[in-house]
Amino acid sequence: MRVVWYCAVRLPSEGPPVTDKTVADIRKSLVAHLRDGPKDMRKAFANDPQRFKSFSRTQDDMLLDWSKCAVDADTMGLLGELAEAADLPGRRKAMFTGKKINVTENRSVLHTALRNLSGKGITLDGQNVQADVLSVLDAMGRFSDAVRSGKLTGATGKRITDVINIGIGGSDLGPVMATLALAPYHDGPRTHYVSNVDGAHIHDTLIGLDPATTLVIVASKTFTTVETMTNAETARKWIIRALGKEAVKNHFAAVSTALDKVAAFGIESDRVFGFWDWVGGRYSLWSAIGLPIMIAIGAMRFREFLAGAHEMDEHFLKTPIQKNLPALLGLVGYWHRVTCKYPARAIIPYDQRLARLPAYLQQLDMESNGKSVTLSGGRVATPTGPLVWGEPGTNGQHAFFQLLHQGTDTIPVEFLIAAEGHEPDLKQHQDLLLANCLAQSEALMKGRTLAEAQAQMRSKGVSAEEIKKIAPHRVFSGNRPSITILYCMLDPRTLGRLIALYEHRVFVEGVLFDINSFDQWGVELGKELATNLLPVIEGKQKPSSDASTDGLVAYIRKLRG
Ligand SMILES: O=P(O)(O)OC[C@H]1O[C@H](O)[C@H](O)[C@@H](O)[C@@H]1O
């Protein structure tokens, strides 16, 4: 089937799957194809001058290039068939129209509705979702404008200069990541984030701040998360100690779906911003959970951020699979994880302001797709979500890239980079960043043969004896896949598009794995055991667990004297 792959596959319709092959059939064909498919990427590029054109696609200025992955037209054709057989179009429609696709929690999955500001949206259980979304967004805008303008002050009448967001997981990682990413747009109060229950986190944050000029946002979907509640209590004591009990109402706001619990905590209702059970924690930065981002960059920029994500939603919903960036990223992700059996993926933003993107994507991807049970409750037949990790480039090059280039595992790398930086007078930095990013993906793909290593050493006058000894260490196998996502500039719209691209990629992979990407039962057991262990650690109960846990408790007591 040596054809242009994007013509070879039927367009996915929104009706039932149009292929009569099953997912299992196509999975087998992919495994067979792995044996015959392209292995030598240098040759693949040499033989096909159109390779970049064939295996890259754009959404406006944003480019997805997966031409350095070991795929050909047949691979993409099979993956397209797999998407049809798994009914990706039908599942996508079910998500966007509010079907309860989170079956284990009996919930809809509608984070896409949070960024559809058209006012023409869906109705869910008799409620106009878009009207609710717009009303909270407007309330957030009024509050954030008042904080930013100084109209809303602390208890002593002083202007708010610092905002602390207390939350964890989805109530922290998204806002932290986006606040850093959009630093060039900050024109509001400074924002700080406290997540860890480790007292060091809140201690080190509060120590530099003045209670009279600080606003605390308690962000928790459930308003029961022990880390957040513990930190919120500590912050409340800090405010009361400095300003008295009455000041709490001036210095706290909250974001939650559990409005009754927020009221019990004592936060005034006009400072409480709600969201809904159809917003998963790790998909919630578009909701009121994004309040600290809005306070930092302003309501208008926040809406640009939402609009960017909506643009990617429309692209995902309406673009044929062969040109659909999230679908393609998911299909290639599936190829690497399931067919090639690569255990991990590295996320390497060549963008210092995306330093927290890998951590954010760890939750998005691993909490969504780190599952072993299918939608119907059976055991999965294939590997599911990979280990996701990463650090910004160029820093990573001087740390773990050794393993990416010469280690014994193949780890596909995803590079993200902007053509333009925000600092025109530092253009040389951006040029160096771009050169390094492109060079790393080139090096991973091309590698260096023994003959090339020897020739290079010879050209430098190295002795034959030294060449024999050292040249094998200077060999790079090459053929290590990487994907590059390239965009014009990291502005609010582009950040919105990038995050939505990854959200939908995770969705696509979840559909292909046949799992529920929207629950997180795997975080429960540890929480339950921690609750049981707290009285033991406090010395109120005797240890009565396994020998290791009891031994550790005894040793803690010994160290504490
Ligand atoms: O927002 P909260 O209800 O406080 O939840 C915070 C986080 O905690 C949980 O353990 C979940 O694993 C996350 O998905 C969630 O984002």
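## Talking through the fold

Domain 1 and domain 4 have centres 45 Å apart, taken over C-alpha atoms. The model is a predicted one.

Trainee: Let's begin with the layout. Into which domains is the protein divided?

Mentor: Not every domain is one run of chain here: domain 1 is written as three pieces, 23-86 + 319-446 + 480-514. Domain 2 covers 113-300. The remaining two are domain 3 (450-476) and domain 4 (536-560).

Trainee: Where does the largest nonpolar core lie, and which helix gives the most to it?

Mentor: That core has 135 residues, and those with the most contacts inside it include Leu 82, Ile 217 and Leu 331. Domain 1 and domain 2 both contribute residues, so the core lies between them. As for the helix, the one giving the most, with twelve residues, is helix 21 (residues 492-513).

Trainee: On to the ligand. What kind of residue, nonpolar, polar or charged, makes up most of the shell around it?

Mentor: The ligand is surrounded by 14 residues, and the closest are Gly 169, Gly 170, Ser 220, Thr 225 and Gly 281. Glycine counts as polar in this scheme. Two of the shell residues are nonpolar and three are charged, while nine are polar.

Trainee: Is strand 8 covered on one face or on both?

Mentor: Strand 8 runs over residues 252-256, and five of its five residues are buried. In a regular strand, side chains alternate between the two faces of the sheet. Phe 252, Ala 254 and Ser 256 are buried on one side, and Ala 253 and Val 255 are buried on the other, so to speak of coverage here is to speak of both faces.

Trainee: Which residue of strand 8 is the bridge partner of Val 218?

Mentor: Look at strand 7 (residues 214-219), which pairs with strand 8 in the parallel sense over four bridges. The partner of Val 218 in strand 8 is Ala 254.

Trainee: And which residue of strand 9 pairs with Val 255?

Mentor: Strand 9 (residues 272-274) also pairs with strand 8 in the parallel sense, over three bridges. There, the bridge partner of Val 255 is Phe 273. To get from strand 8 to strand 9 the chain passes through helix 12 (residues 259-265), in a β-α-β crossover that is right-handed.

Trainee: How many of the residues of strand 10 are buried?

Mentor: Strand 10 (residues 344-349) is largely enclosed by the rest of the structure. That follows from the burial of its six residues, because the number buried is five.

Trainee: Which residue of strand 12 is the bridge partner of Ile 347?

Mentor: Strand 10 pairs in the parallel sense with strand 11 (residues 387-389) over three bridges, and there Ala 346 stands opposite Trp 389. Helix 16 (residues 357-369) joins these two strands in a right-handed β-α-β unit. Strand 10 also pairs with strand 12 (residues 413-418), in the parallel sense over four bridges. In strand 12, the partner of Ile 347 is Glu 414.

Trainee: Which two residues does a cis peptide bond join?

Mentor: Most peptide bonds are trans. For the cis one, look in the loop between strand 11 and helix 17 (401-406), where Thr 394 sits. Omega is about 10° there, and the bond joins Gly 393 and Thr 394.

Trainee: Asp 125 and Asn 479 both caught my eye. Is Asn 479 buried or exposed?

Mentor: Asp 125, in the loop between strand 3 (123-124) and strand 4 (127-128), has a positive phi near 45° and is exposed, with 8 other C-beta atoms within 10 Å. Asn 479 has a positive phi too, near 55°, and belongs to the loop between helix 20 and strand 13 (482-487). A residue is buried if 20 or more other C-beta atoms lie within 10 Å of its own. Asn 479 has 20 of them, so Asn 479 is buried.

Trainee: Last one: what distance separates the C-alpha atoms of Ser 463 and Asn 231?

Mentor: Ser 463 lies in the loop between helix 19 (450-459) and helix 20. Ser 463 is exposed, with 10 other C-beta atoms within 10 Å. Along the chain, Ser 463 and Asn 231 are 232 residues apart, and their C-alpha atoms are separated by 63 Å.

Technical notes: Residues are numbered from 1 along each chain as its sequence is written. This is a predicted model: local features need pLDDT of at least 70, side-chain atom pairs count only at pLDDT 80 or more; totals for chains, interfaces and linings use all residues. A residue is near a molecule or strand if its C-beta atom, placed from the backbone, lies within 6 Å of it. A residue is buried if 20 or more other C-beta atoms lie within 10 Å of its own, exposed if 12 or fewer, and partly exposed in between; C-beta atoms are placed from the backbone. Two strands pair if DSSP finds at least two bridges between them. A crossover is right-handed if, with the strands pointing away from the viewer, the path from the first strand over the helix to the second runs clockwise. A nonpolar core is a set of buried Ala, Val, Leu, Ile, Met, Phe, Trp, Tyr and Cys residues joined through C-beta atoms within 7 Å. Domain bounds come from an automatic or database domain assignment.
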